[in-house]
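Me: I would like a close look at one chain of this model, and at how its helices and loops are arranged. Please take it slowly and keep the reasoning visible.

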Amino acid sequence: MISLADQLLVLVMLINFIMLGTSRLAFAIRAVAAQGVVLGIIPGLIHPFSGHLLVITVSMIVAKGLFIPWLINDAVRKAQIRREVEPFIGYVPTLILGAVFTTLAFVFAQKLPLAPEHRELLFVPASLATLMTGFLLLTTRKKAISQVIGYLVLENGIFIFGLLLTEAMPFMVEAAALLDLLVGVFVMGIVINHISREFSSVDTSRLQALREE
Amino acid sequence: MVYLTILLPLLGAIIAWIIPDNRMRPVILPVIALPHLGLTSYLLATDSVPSNGGWIWLDPLGKITLLGISVLFAVCAVYAVGYLAYRQERSNRVLCLGLLVCLAAMSLVTLCQHLGLLWVAVETTTIAMAPLIYFNRNARSIEATWKYLLICSVGIALALLGLLFLAYATHVAHQDATLLLSELLVGAPEINRGWLHAAFIFLLVGYGSKMGLAPLHTWKPDAYGEAPGMVGALLAGGLVSCAFLAIIRVYQVCLASVVEVAFFQNVLIVLGLFSMGVAAVFMARQHDFKRMLAYSSVEHVGILAIGLGLGKGALFGVLFHLLNNGLTKGVLFLSSANLHRSYGGKTTDVVQGALTRIPWSGGLFLAGFIAITGSPPFSPFISEFSIVSSAFIEGRYWVGSLFILFLAIIFIGMSLTVLPMVMGTPRDDLPATDYKDRLLTVGPPFVTILIILWLGVWPPEALLQLLRDGAAMLEIRP
């Protein structure tokens, strides 16, 4: 089952590239939802079955696959935008950067003092690559919605690392963390609405009234 | 009993949501906050034992933080009744709800002995505060809210990664992966060094961005500048304390690992000095007095980090400063909110001669300024002095000298802004506002400054003992 999990992680990394390359927001939202669902399945593959596992898997899939995409789509619809136009760095350069970071993640993971049973697995490189993708999205995109997607990708990267040690994160903490993520995205959605109403745009590069003179 | 500190504010939040009347609703804040303060004093006086599998324990460090938060919140709650009477043009439902949820989450932070639960509580305070910064519903406040939300969310996410690294450090050391503080402390000497270092850096960056350590402070001037005064006070006094407690918890594990403690200490000192330096640079010629207070907050989180890094004699000062900083920021933000209301602006070209126009608020702002810059007889003097003197006793002359240099620059920079505001004569072309100094808007900051004076002149023995107990928990045990 571990090998299947590894293949799914390859899929997760491919989705990273889709998000870096697309300009259509609706597509990026679907991609991040797919990534969430894939990640929701993985714990079921690497851990023995239990009620706790089932609840986490189902709530992960519902939250990341359905509810969060719905929240973001709602914000997109209200703000009436479809595309990320002119990011700070173009799509091709970010794709190349993404490839470079993914390669570096593999090289770096080789050097880390991992536990012997984790050395051959893709978890750590996939986690690092996804983290870096999240950062790239956060820093290079201008639209507030793309930044929220970047934040979600970043969270996904952290979640992949967390898969290595589910026993450290008890059920209650995991559920609460997921709930915090949900509420966080909900609040971000509301704020995006207000940004688009106030500035007639969700371009965060317009948010520059506040700075030191 | 300890759970009541969380349940009581949550109950209040529900009631605040139900109350339909905008004028009556703020009254729920002191109705919850004052019993919360009473409960806190009861818990402080009694010995608490770890409960719920060691997850919940109000240890001395938690007690100190809880005391600071509870007092500050009570002050802000009473003030809110007076303040919101002037802001009847918009609904305060979300504000009251958010404040109480935030109090519950902050109380939880002080009780947690499980680092995962602690993370959840800190994240909850972050989200609960976001709508409060947006209370003024204008372009500037939405910008501040977005920056705050994004930077803090990403920061807190990095802190989660740091926590996972910490758990992984125990896993690599062939222990059961855990995030329970007591188990981490026991297993710390065998923990994997590399992962522990990585965990510490990520957690410091994560919680540090929440706390506003430079260079992660960029959201702070915007959020503090645009939020209503009492929200600013709770950001600067409450959330900073919570994030600092989270860093202290991680630091406890680092100390227990015994070897290479110098690495962690130096990181804290360098970040702290950098924060003070950044604050000193940006404080000069600051025309917006709320932004000035934000830089003052950056300065004081720097002082906290330096003191924690110095260790030994400075620890008492750090824990004392945690209380003093929160309370003094309360005085400054609440009185600055009064100035803002009275003048209809928050820049120094509008606000002049406050002592003439509104003597009470102007005087309180001046007193708060004297206290926060570390002048006797107020209590921040004692805490800052004990930190800087222990820097010299430890032979860290460079740290001590830079500390004093930055304090001096900050004092000059801050007085260049504050003195013209309170002294002189008000401009005569100012539009009249309906604000007048009343008991509810002046009383709370006045009581707070009296507390600071009391702590500075004659601190009660029970408090000193509590601070010593807290400091003892952060000693390095060979």
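Reply: A residue counts as exposed if 12 or fewer other C-beta atoms lie within 10 Å of its own, as buried if there are 20 or more, and as partly exposed in between. The model is predicted, and with that cut-off in hand the loops of chain B can be taken up before its helices.

B:R137 lies in the loop between α5 (115–133) and α6 (139–172) of chain B, and because B:R137 has 11 C-beta neighbours inside 10 Å, it counts as exposed. The backbone of B:R137 deserves a second look, since its phi is positive, about 50°, although the residue is not a glycine. Most residues other than glycine have a negative phi, and most peptide bonds are trans. A positive phi, near 50°, is also found at B:K312, again a residue other than glycine, and B:K312 sits in the loop between α12 and α13 (314–343) of chain B. With 13 C-beta neighbours inside 10 Å, B:K312 counts as partly exposed.

Two peptide bonds in the loops of chain B also call for attention. The bond that joins B:A214 and B:P215 is cis, with omega about 5°, and B:P215 is found in the loop between α8 (193–211) and α9 (219–226) of chain B. The bond from B:P376 to B:P377 is cis as well, with omega near 10°, and B:P377 lies in the loop between α15 and α16 (379–393) of chain B.

From the loops one can turn to the chain as a whole. Chain B has 19 helices and 0 strands, and its radius of gyration is 21 Å, close to the 23 Å that the globule rule gives for 478 residues, so chain B is as compact as a globular protein of that length. The C-alpha atoms of chain B fill a box of roughly 70 × 55 × 45 Å along the principal axes, and 62% of the 478 residues count as buried. Of the contacts in chain B between residues at least 6 apart in sequence, 81% join residues at least 24 apart.

Two helix pairs show how the packing is made. Helix α10 (residues 229–256) of chain B packs against helix α12 (residues 289–310) of chain B at an angle of about 20°, with the axes 11 Å apart, and α10(B) and α12(B) are therefore roughly parallel to each other. Their crossing is right-handed. On the α10(B) side the contact includes B:F244 and B:Y251, while on the α12(B) side B:K290 and B:L304 are among the residues that take part. By class, this contact of α10(B) with α12(B) has 8 nonpolar, 2 polar and 1 charged residues.

In the second pair, the axes of helix α15 (residues 359–372) of chain B and helix α17 (residues 397–422) of chain B come within 10 Å and cross at roughly 160°, which means that α15(B) is roughly antiparallel to α17(B). The crossing of α15(B) with α17(B) is left-handed. Here B:G362, B:F365, B:L366 and B:F369 of α15(B) meet B:M414, B:V418 and B:V422 of α17(B), and the residues of this contact divide into 6 nonpolar, 1 polar and no charged.

Finally, chain B has a partner: 36 residues of chain B are in contact with 34 residues of chain A.

Conventions. Residues are numbered from 1 along each chain as its sequence is written. Chains are lettered from A and ligands numbered from 1 in the order in which they are written. This is a predicted model: local features need pLDDT of at least 70, side-chain atom pairs count only at pLDDT 80 or more; totals for chains, interfaces and linings use all residues. Two residues are in contact if their C-beta atoms, placed from the backbone, lie within 7 Å. Axes are lines fitted to C-alpha atoms, for helices over the stretch in contact, and angles run from 0 to 180 degrees between N-to-C directions. Helices (H or I, at least four residues) and strands (E, at least two) are DSSP runs, numbered from the N terminus. Angles under 35 degrees count as roughly parallel, over 145 as roughly antiparallel, 65 to 115 as roughly perpendicular and the rest as oblique. A crossing is left-handed if the near helix is turned anticlockwise from the far one by less than a right angle, and right-handed if clockwise. Ala, Val, Leu, Ile, Met, Phe, Trp, Tyr, Cys and Pro count as nonpolar, Asp, Glu, Lys and Arg as charged, and the others, Gly among them, as polar. The radius of gyration is taken over C-alpha atoms; the globule rule is 2.2 Å times the number of residues to the power 0.38.
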